[in-house]
Amino acid sequence: MKRFYAVLLLLLAVCMQSFCAESSLNLLEAAEKAGAQVFWDSLSGTGMLEKNGHQISFRAGDSFVLHDYKLLALCDAPELKDGTLYVSQQFMKDAESFFNTRTDESSYKIGAILIDPGHGGKDPGAMDTHTIKGKKVTVKEKDVNLAVGKMLYARLKTAYPDKQILMTRSTDVFISLAQRTEIANSVKLKDDEAILYISIHVNASLDKKANGYEVWYLSPGYRRTVLDKRASDDKTLFNIMNSMMEEEYTTESILIAKFVMDGMQAQVGSLASPRGIKAEEWFVVRNSNMPAVLVELGFLTNEKEAALLADNSYLQKAAFGIYNGLAAFVTHFERSRGFTGTK
């Protein structure tokens, strides 16, 4: 009898395993069959299904999905096993139902880009004096930041006449860090628009050999509230929605940083060295409720880079590189209708 029960349990286990295998679908394969695209960000553990210009945002292990960044829905939680995403048949059935009932073509786009030249007025930022072409020249961070900011503004304004291209300052005036983020968070947008924030700075170091440019984004470990608390009366739902949107901002910021770094490398070439993209909890970046990055153009304490930062033609190259990076991100963002993960 014991042997009978052992065999029965073994058969049940095999049947259950077979049932689970049949009901659990490889998301990439199921999406391809359904004519949908899958985007996945391994850093945050979030992903998205996209079809007909509409999205279903999800997180591995979470039983909530977000439809078109607006409506929460319950679902069978997607699972990540050995680097592969799996979903239930019901998950895909519900996804198909959503996509098939949303046939309207809607466009999600970048509505505004805010350029923030760091420091200004009574706050010069970093500064150092070097002998450049036989003359003593004091390089001030606030001046370099403003010069590049205005060059970037001009290029973006020409390229995107339909978007709001804004600056926190366009003259040599002092603006506090709190005021800068307040300006960013108060920009008026339409329901289908997003805003990007790019802060421009110059580095300095006690090590005179330190050199190179870098792009920073907000550390994924930093938690912030990016949604209006009136978005939901349910605290649990609000926390879930805020977490998903916050992770989306982090993903977008990382991608912007990568595009900007690539753009600068292409323009600057061998004139200066890339130091890579990095995570930090900069005040301006961590308090802006939007994708945001901070660019460090170089080290003015390094004699060679100080000469570059005092050279208008070099600043044009840097500005053009940043512009190319932002333009690449805008194209990617608008083609994917707002989701920026990697496939």
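Here is a quick tour of a sheet, two nonpolar cores and some salt bridges in this structure. Keep in mind that the model is predicted. The sheet covered here has 3 strands and is open, the largest nonpolar core holds 50 residues, and a search of the whole structure turns up 10 salt bridges.

**The three-stranded sheet**

- Going across the sheet, the strand order is β1-β8-β7, and the pairing is antiparallel.
- β1 (24-26) and β7 (79-81) sit at the edges with a single partner strand each, so one side of each has no neighbour in the sheet.
- From one strand to the next, the twist averages 40°.
- β7 pairs with β8 (residues 84-88) in the antiparallel sense, over 3 bridges. If you want a spot to look at, find Lys 81, which stands opposite Thr 84 in β8.
- Helix α2 (residues 27-34) packs on this sheet and touches β1 and β8, with its direction at about 75° to that of β1.
- Helix α3 (residues 89-100) also packs on the sheet, again touching β1 and β8, and its direction makes about 80° with that of β8.

**The nonpolar cores**

- As a bit of background, nonpolar side chains tend to be buried together in soluble globular proteins.
- In the largest core, of 50 residues, the members with the most contacts inside it are Leu 152, Leu 156, Leu 297, Leu 309, Ile 322 and Leu 326.
- Helix α9 (residues 312-335) supplies the largest share of this core, at 11 residues.
- Who does Ile 322 touch, leaving aside its neighbours within four places in sequence? The list is Val 148, Leu 152, Ile 198, Val 260, Met 264, Val 295 and Leu 297.
- Another core, of 20 residues, lies apart from the largest one, and its members include Leu 27, Ala 31, Trp 40 and Leu 49.

**Salt bridges that link distant stretches of sequence**

- Asp 128 and Lys 208 form a salt bridge, with their closest N and O atoms 3.3 Å apart. Asp 128 is in strand β10 (residues 127-132) and Lys 208 is in the loop between β13 (193-203) and β14 (213-218), so this pair ties together parts 80 residues apart in sequence.
- Is each partner buried or exposed? Asp 128 counts as buried at 18% relative accessibility, while Lys 208 counts as partly exposed at 47%.
- Lys 278 and Glu 214 also meet through their side chains in a salt bridge, at 3.1 Å from N to O. With Lys 278 in strand β15 (residues 274-280) and Glu 214 in strand β14, the pair ties together parts that are 64 residues apart in sequence.
- Glu 214 is buried, at 3% relative accessibility, whereas Lys 278 is partly exposed, with a relative accessible area of 25%.

**A salt bridge within one helix, and a network**

- Lys 258 pairs up with Asp 262 in a salt bridge, the closest N and O atoms being 3.0 Å apart. Both residues are in helix α6 (residues 235-268), and because they are 4 residues apart, about one helical turn separates them.
- Lys 258 is partly exposed, with a relative accessible area of 42%, and Asp 262 counts as partly exposed at 35% relative accessibility.
- Salt bridges with shared partners also join Glu 214, Arg 275 and Lys 278 into one network.

Conventions: Residues are numbered from 1 along each chain as its sequence is written. This is a predicted model: local features need pLDDT of at least 70, side-chain atom pairs count only at pLDDT 80 or more; totals for chains, interfaces and linings use all residues. Side-chain values use heavy atoms; hydrogens and water are left out. Two strands pair if DSSP finds at least two bridges between them. Axes are lines fitted to C-alpha atoms, for helices over the stretch in contact, and angles run from 0 to 180 degrees between N-to-C directions. Contact means heavy atoms within 4.5 Å. A nonpolar core is a set of buried Ala, Val, Leu, Ile, Met, Phe, Trp, Tyr and Cys residues joined through side-chain atoms within 4.5 Å. Buried means under 20% relative accessible area, exposed over 50%, partly exposed in between (1.4 Å probe, protein chains only). A salt bridge is a side-chain nitrogen of Lys or Arg within 4 Å of a carboxyl oxygen of Asp or Glu.
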